[in-house]
Amino acid sequence: MGRAVMVVGRGPTGAGVLVLSILIVLTAEDGCRAQKGDGCGPSVLGPSSGTLSSLGYPGTYPNNTVCEWEISVPHGNRIHFRFAELDIEDSDCQVNYLRLYNGIGLKRSEIVKYCGLGLKVKDLIESTGNQVTVQFMSGTHHSGRGFYLSYSTTEHTDLITCLDKGTDFPEAEFSKYCPAGCLTSTEEISGTIPNGYRESSPLCVAAVHAGVVSNAVGGRISVVSSKGIPHYEATLANNVTSTGGTLSNSLFTFKTNGCYGTLGLESGGVAATQLSASSVWEWNNNVGQPSVWAPSGARLKKAGLPWAPSQSDQQQWLQVDLKREKRITGITTTGSTLREYQYYVSAYRVLHSNDGQQWYVYRESNSTQDKVFQGNINYLQEVRNNFIPPIEARFVKINPTQWHQRIALKLELLGCQVKVTLRTFPPSGRAPPPVGTKRPPRLSQTTPTPNIRNTTMPPHTGKDVALATVLVPVLVMALTALILIVVCALHWRNRKKSSEGTYDLPHWDRTDWWKSMKQLLPSKMVETEDSVRYSSSEVGRLTGRGAVPRLHAEPAEYAQPLVSGVTTLGARSTFKPDEGPDPGYSDPDLYDAPISPDVYHAYAEPLPASGSEYATPIVVDMGCHPSGGSALNQASAVCSFMGAGPTSLLTRTDSSHSGRSAYDTPKNATGQVTPTEDLTYQVPQSSTQKPTGQS
């Protein structure tokens, strides 16, 4: 049973320009039959998927035409259809319509019939068997774009059409099945690999351009979406021309197996002795120097002369010896790259061999025809073609079939090392038998894939993920432990300082505490300042009071003043005279208590006899402000001895006892005042006020 397949290629001359070629192929019984009629548009009928369209699509289809497509897939499979567009002018489906049948020939039965403008068919239309007939009829009409649909076997439930774009799928990562024949679409793509494609580009057309799927067969794509880039590059690859584009919100690219690295021509990994050709063009230039266009110049991106044969015909070839078998997934070519010699190859065939003797011409899957690759369209721009399926060979030969002016070529092969499985032998002690083939010997261990830059987006290796899984928790635990150690050390240090500088007085012995704090007392800090000393007899003259009983207390019952030179002490502050070897100072005596509260100065109240008690501080108004009454004389007396200076006061303390004491005398337990002799007191001096003589 024969089939006719319309193979459609999109030329490089611009958007929407179609170059159609029809290949008549005889296949097995369960292959696809040809379309017949005068209303058939560009179509590709692949072995498991394909694309159909009306004549003139995306323009208006012609009047009074008919076309039928008979599709067969292997037994045991069924077929389903997905519509990209359905726009047929008719209201009753009598003259213009599209009809699908189960089966082929007279025994076929109708599945569905469509007509109408702008129809949206979202569901998959499924057959009951492995054969389907698609019929399109057109009568007289004035509008309508016709139809455009895709089909595949029902195992591909995620089939999409050739018009589905990246913007139609919001997922960050997804997988879809592209049908064969998407180069029949006139939609433009923008971008290239490895940078990615603009999100408005049709997914399947971009997949053909990237070399992920073949236009003749179709296939599954794995798409990854990401943020857009400012500019998209225009390139020609796999007979698809992409256009330049500006900034977009997002882009998409494809996951692959990563076998798209260069194989050493550009980098110099392939030596000049590994390059050979059918002939070499040699001639003398204007200055008489020889110009040799040798095979060693056929390296992509290398400055200088390319390879060119002595004559241009279809018998010329350029050969590359890779020294061992490689997996070859693509080829990139360019012309002379010289402005003065604008030569290039516009079409070529690829041959491959493992021994350099027996050669095979590359063909696509399920094809009996030699594949002719589209070459360059000018002398400068690079053009890429991918091999689907890939070639596994040691020798590769390029055979130009078309060229501009004369043959001139630079190239680079894309691919990777062939993964060799490790062969094991039983432990019999005997050496393995020799391999009786003409192929180059393989290593006895697995050859790792080289670290090449993936042009689309290969999946991450499991080794790196496992290493990161181990290292990340270890580093986190180590950092956490270090932070805890530092925090604990700082906390212990602060706690130690806090315990050394903070005292709870009720739990300390006051006598020992004051002895340990003597060096911090203000009396030591003001040793250079003049102090006024009084005897108990002289103080008696200032107060004009009678003797009062003495209150007996231990010297440790009094706290020394914490601030020196102030005129007013806090209400609960206490003090005690400094202990020192000064001859004018004796052991601490007790203080007199005031008798009357109407004097100018505030005096300490009598304290209970039980426990360690303290006297309240003496408040002295250094400004000598009179308050009236009997206190006026008292204030004048105090100001007199303060204004007299230290010398006068010291003289007066040595004279005699006075009944006008400015200090209170401690009382005994019965309230009797005990007179004291030669008591010396130290009055704190103000640090902000200096004696200036008599006021």
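The paragraphs below walk through two sheets of this predicted model and the helix that lies across one of them.

Strands of a sheet pair through backbone hydrogen bonds, in either the parallel or the antiparallel sense. One sheet to consider is open, comprises five strands with antiparallel pairing, and has the strand order S3-S6-S12-S8-S9. Its edges are formed by strand S3, residues 35-37, and strand S9, residues 109-114, each of which pairs on one side only. When direction is ignored, neighbouring strands of this sheet are turned against each other by 15° on average. Within the sheet, strand S6 (residues 65-72) runs antiparallel to strand S12 (residues 131-138), and eight bridges join the two. One point at which this pairing can be located is Ser-72, which stands opposite Gln-131 in S12.

The other sheet is likewise described as open, with five antiparallel-paired strands in the order S14-S17-S20-S16-S15. Strand S14 (173-178) and strand S15 (191-192) stand at its edges with a single partner strand each, and therefore one side of each is left without a neighbour in the sheet. For S14 the pairing is with strand S17 (residues 219-227), in the antiparallel sense and over six bridges; here Glu-173 stands opposite Val-224 in S17.

Helix H1, made up of residues 203-210, lies across this second sheet's strands S14, S15, S16 (196-198), S17 and S20 (250-254). Relative to S20, which sits between S17 and S16 in the strand order, helix H1 runs at about 50°.

Terms used:
Residues numbered from 1 in each chain as written. Predicted model: local features only at pLDDT ≥ 70, side-chain atom pairs only at ≥ 80, totals over all residues. Heavy atoms only, no water. Pairing = 2+ DSSP bridges. Helix = DSSP H or I, 4+ residues; strand = E, 2+ residues; numbered from the N terminus. Contact = heavy atoms within 4.5 Å. Axes fitted to C-alpha atoms, helices over the stretch in contact; angles between N-to-C directions.
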